[in-house]
Amino acid sequence: MNSHEIDYEIFGEEMQYVELELDPQEAVIAEAGNFMMMDDGIKMDTIFGDGSKQNEGFLGKVLGAGKRLLTGESLFMTIFSNQVQGKKKISFASPYPGKVIPLDLREYGGKFICQKDAFLCAAKGVSIGVEFSRKLGRGFFGGEGFIMQKLEGDGLAFVHSGGTTAKKYLQPGEKLKVDTGCIIGFTKDVDYNIEFIGGIKNSLFGGEGLFYATLTGPGTVFIQSLPFSRLAGRILAAAPQGGGKDKGEGSILGGLGDMVRGDNRF
């Protein structure tokens, strides 16, 4: 086994975090901003790339890390390693309400493809790269689903989702149509494409976008009920606009409506 073998436990219901137990010299890698807490004795280092290919030359590391820029991530990752005797624990938290999903990459043929911002952390030795699309339709119309990350190796990786998670098993040729933002990830044999919804009324007034993703089996697909982009869009829509007025101030009831809702500011 090339990746470090780590134990874990997931805590919480709607705002989950994962606690990893590291033996001496074991390590875990993570994106910046996912760290929650750790025991004394764990050392934190910033590394170039993901540290999965120690024998790779400098140019290879530069090219590998450079691909991560396409997903909007940093060239660097953070590695946390147990530098003392005895077991030590470290925790990583999901950045918004949802679930933490553990993935044993050995069970998925050594590769899992996920949304560019779904990765949380992984055992050292797991490679985090970019899954390039060979179909133009995905590039022009894929939205959140265009540039996907690929997790490769034989260790544990953890991804996070928004809202509730659905796990679907697709038979050969079975097709599932999904909003692009609702995809968490899927196994390597699933075929992924973008399709036009069709229909003038759907396009102009449907409110769901012009395109959706089609996932064709065989394979396993993970779907999230609340993509962060959808959550952020609702928050922005409800935020006070110029002048500090919120939506309620333009209603028929005006200030009276605010009092009825429980807003008793003066």
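**Close-up views of a predicted model**

**View 1. E21, D23 and K87 are tied together in a network of salt bridges.** A salt bridge here puts a side-chain nitrogen of Lys or Arg within 4 Å of a carboxyl oxygen of Asp or Glu. In this network, the side chains of K87 and E21 meet with N to O at 4.0 Å. The pair links distant parts of the chain, with the two positions 66 residues apart: K87 sits in the loop between strand 6 (76-82) and strand 7 (88-93), and E21 in strand 2 (residues 17-22). Strands (E, at least two residues) and helices (H or I, at least four) are DSSP runs, numbered from the N terminus. Are these two residues buried or exposed? K87 is partly exposed, at 48% relative accessible area, and E21 is partly exposed too, at 22%. For these labels, buried is under 20% relative accessible area, exposed is over 50%, and partly exposed lies in between (1.4 Å probe, protein chains only).

A note for every view: this is a predicted model, where local features need pLDDT of at least 70 and side-chain atom pairs count only at pLDDT 80 or more, while totals for chains, interfaces and linings use all residues. Residues are numbered from 1 along each chain as its sequence is written, and side-chain values use heavy atoms, with hydrogens and water left out.

**View 2. Stepping back, the protein has 5 helices and 19 strands.** Of its 266 residues, 41% are buried. Take the contacts (heavy atoms within 4.5 Å) with a separation of 6 or more: 78% of them join residues 24 or more positions apart. The accessible surface comes to about 14500 Å², and 56% of that belongs to carbon and sulfur atoms. Areas like this come from the Shrake-Rupley method with a 1.4 Å probe, and for residues only the protein chains shown count as cover.

**View 3. Salt bridges involving D104 and E131, two of the residues in the structure's 6 salt bridges.** D104 pairs with R106, and the closest N and O atoms are 3.1 Å apart. D104 itself counts as buried, at 16% relative accessibility. E131 bridges to K111, also with 3.1 Å between the closest N and O atoms. That second pair joins distant parts of the chain: E131 is in strand 11 (residues 127-131) and K111 in strand 9 (residues 111-115), 20 residues apart. E131 counts as partly exposed at 22% relative accessibility, whereas K111 counts as buried at 18%.

**View 4. G129 is another resident of strand 11.** At 14% relative accessibility, G129 counts as buried. What does G129 touch, leaving out residues up to four places away in sequence? The partners are M148, Q149 and K150. The C-alpha atoms of G129 and L151 are 6.6 Å apart, although 22 residues separate the two along the chain.

**View 5. Strand 8 (residues 98-104) is mostly covered, with 6 of its 7 residues buried.** Its antiparallel partner is strand 13 (residues 156-162), joined to strand 8 by 7 bridges. Two strands count as paired if DSSP finds at least two bridges between them. Look across the pairing and you'll find I101 opposite V159 in strand 13.

**View 6. A three-strand open sheet runs in the order 15-18-17, with antiparallel pairing.** Strand 15 (175-178) and strand 17 (191-196) are the edges, each pairing on one side only. From one strand to the next, the twist averages 30°. Angles like this are taken between N-to-C directions, from 0 to 180 degrees, using axes fitted as lines to C-alpha atoms (for helices, over the stretch in contact). Strand 17 is joined to strand 18 (residues 211-216) by 6 bridges, and D191 stands opposite T216 in strand 18.

**View 7. T187 sits in strand 16 (residues 183-187).** T187 is buried, with a relative accessible area of just 9%. Not counting residues up to four places away in sequence, T187 touches Y108, F112, G219 and T220.

**View 8. F35, M36, M37, M38 and M44 make a nonpolar surface patch of about 440 Å².** Patches are built from residues with over 30% relative accessible area and no salt bridge: nonpolar side chains (Val, Leu, Ile, Met, Phe, Trp, Tyr) are joined within 5 Å, and like charges within 9 Å. Which strand gives the most to the patch? That's strand 4 (residues 35-38), with 4 residues. M36 lies in strand 4 and counts as partly exposed, at 38% relative accessibility.
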